[in-house]
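Please explain how the parts of this chain are held against one another, taking the helices and their side-chain contacts in turn.

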Amino acid sequence: MLDWLGAWAHGVDWLHFATIPVFTGVVGWLINWSGLVMLFKPVRFHGVRIPGMRELAAVLPRKVQEVPGLLQGGVGWQGIIPARAAKMGSIAVDKAIAKLGTPAEFYQQLEPDRIAEHIVTVFRPEIPQLVDEVMRREHPRLWRDLPRPVREAVVDRVQSQLPAVVGRVTDEIGIHIDQLLDPKIMVIDHFRNNPSLVVRIFRDFGQRELNLMVAFGFVFGFLLGVPVAVVDSLFGQWWLLPILGVVVGWITNALGMWLIFEPPEPRRVLGIKVHGLFLRRQDEAAEVYARIIADDVITLERIGDFILDGPRGDRTRQMLATALRPAIDKAAGPARAAVRVAVGPSRFDTIRESVAREAVGRTITPFKDPAFSRRQAEKIRVLVATRTKELPPRDFVEMMRAAIREDEWMLYAHGALMGLAGGFLHLWLFGVGG
């Protein structure tokens, strides 16, 4: 054996041999670096639309259909993570947000009593204009003929009832919030419309681990290049380096993904503790994730938009109008019966309905106050962070990996192609070994 090793060492072109691990190390670094670019950029699809591409893509293999843009009839690229933003949003709800609390729990975290106080503060100055607009539109002559003190009395009665009315409104929202608010639709739509948010989730807490993955690309590539150099020196076939480059490129990318996400729980391998890089900082990740969710996704402002203008907005408006009608009746006070006779039952009901409808939008408007929403966001952030930290590691991994899993094969194929190109480049520069 020693004689054979000596003969082999004597016959090896050591410059050729030594450059192979260096080449595979550099290629490994480039694979993981460019793989990160593929993951995150561009945020929006860049490419060209080709007539007939959508129909052709529909009959192609499932894996090919997953290439960003094909099913939309284009040839180009969109970062894998932003392209799957809606899917990540869906799984984030199923794996995490649904476990963080029901819509009612989120609503209670926002302190409905404080919301009611804020609505009263913002809405009270608008009541004179609201009553005046509705009365001028529905019964201008009656409103014009009423003495000013009587008109002011009507406005004062509405304003005096405002705290009780608004309290009833926020209570009604809380009672029916499970029917009015769908966090899953809310999150999916927001992630789909703002794919850069998903990129932020990874970048804000995982940039250090992603940079480490790129650095490990060189380490993995270099180590894998040593046996490649040995095989090349033994057999000396021109096709060996390109073929083995494919293997090295594929494995380098696979190891990079494994380094980030696996294993979800700490294990000992040959006495060495191994743990997915993202999982080691689940608590820190939870804080970043919670901040993004509370600041950009499930906010009081967006809850107000959703329950009033979302798919169930009609139901919200009807419910709030029903809660406001008694206040309109009471505003007329002892003169209610006389006013009803004077203007007619139909006209009186029309006035009452108009005030209620107008009041609905203005009642919810304070939900959309960005400054107030930011102050309330801290409650949501604490809830999301606490519950995300409690997630089992496997669920946390699934939540973060959801945007990548289906498309990982593209990263591996990209690594294989770069390994192939690296093998041909080494062959062109240094020739055949062996």
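**Salt bridges, a kinked helix and a surface patch**

Aspartate 296 has a relative accessible area of 25%, so this residue counts as partly exposed. The model is a predicted one. Aspartate 296 makes a salt bridge with arginine 200, and 3.2 Å separates the closest N and O atoms. The aspartate belongs to helix H16 (residues 282–297) and arginine 200 to helix H13, so the contact ties together parts that lie 96 residues apart in sequence. Arginine 200 is likewise partly exposed, at 29% relative accessibility.

This bridge belongs to a wider set. Side chains of opposite charge can pair when their charged atoms come close. A search of the whole structure gives nine salt bridges.

Helix H16 also takes part in a contact with helix H21. Glutamate 287 forms a salt bridge with lysine 389, with the closest N and O atoms 2.7 Å apart. Glutamate 287 sits in helix H16 and lysine 389 in helix H21 (residues 370–389), and the pair links distant parts of the chain, 102 residues apart. Glutamate 287 is partly exposed, with a relative accessible area of 29%, and lysine 389 is partly exposed at 33%. Arg208, Glu209, Arg281 and Glu284 are joined into one network by salt bridges that share partners.

A further bridge starts from a loop. Glutamate 262 pairs with arginine 394, the closest N and O atoms being 3.9 Å apart. Because glutamate 262 lies in the loop between H14 and strand E3 (267–269) and arginine 394 in helix H22 (residues 393–405), the pair ties together parts that are 132 residues apart in sequence. What is the relative accessible area of glutamate 262? The value is 17%, and the residue is buried; the cut-off for buried is under 20%. Arginine 394 is partly exposed, with a relative accessible area of 46%.

Next come the aromatic contacts. Seven aromatic pairs are found in a search of the whole structure. One of them joins phenylalanine 261 and phenylalanine 278: the ring centres are 5.5 Å apart and the planes stand at 85°, so the pair is edge-to-face. The angle cut-off for that class is over 60 degrees. Phenylalanine 261 is in helix H14 (residues 240–261) and phenylalanine 278 in helix H15 (residues 277–280), so the two rings tie together parts 17 residues apart in sequence. Both phenylalanine 261 and phenylalanine 278 are buried.

Helix H13 deserves a separate look. How many ångströms does helix H13 (residues 196–235) span between its end C-alpha atoms? The span is only 49 Å, whereas a straight helix of 40 residues would span 58 Å at 1.5 Å a residue. H13 has a kink of about 85°, centred on glycine 206. Just after H13, glycine 236 adopts a positive phi of about 55°.

H13 also contributes to the surface. A nonpolar patch there has about 880 Å² of accessible area together and is formed by Val22, Val26, Trp29, Leu30, Trp33, Val37, Phe218, Val219, Phe222, Leu223 and Val226. Helix H2 (14–40) and H13 are the elements that give two or more residues to this patch. H2 supplies the largest share, six residues. Phenylalanine 218, one of the patch residues, is placed in helix H13. Its relative accessible area is 34%, so phenylalanine 218 is partly exposed.

Definitions and conventions. Residues are numbered from 1 along each chain as its sequence is written. This is a predicted model: local features need pLDDT of at least 70, side-chain atom pairs count only at pLDDT 80 or more; totals for chains, interfaces and linings use all residues. Side-chain values use heavy atoms; hydrogens and water are left out. Rings of Phe, Tyr and Trp (its six-membered ring) pair if their centres lie within 6.5 Å; planes under 30 degrees apart count as stacked, over 60 as edge-to-face and the rest as tilted. Helices (H or I, at least four residues) and strands (E, at least two) are DSSP runs, numbered from the N terminus. Buried means under 20% relative accessible area, exposed over 50%, partly exposed in between (1.4 Å probe, protein chains only). The expected span of a helix is 1.5 Å times one less than its number of residues. The bend at a residue is the angle between axes fitted to the seven residues ending there and the seven starting there. Patches are made of residues with over 30% relative accessible area and no salt bridge: like charges are joined within 9 Å, nonpolar side chains (Val, Leu, Ile, Met, Phe, Trp, Tyr) within 5 Å. Accessible areas come from the Shrake-Rupley method with a 1.4 Å probe; for residues, only the protein chains shown count as cover. A salt bridge is a side-chain nitrogen of Lys or Arg within 4 Å of a carboxyl oxygen of Asp or Glu.
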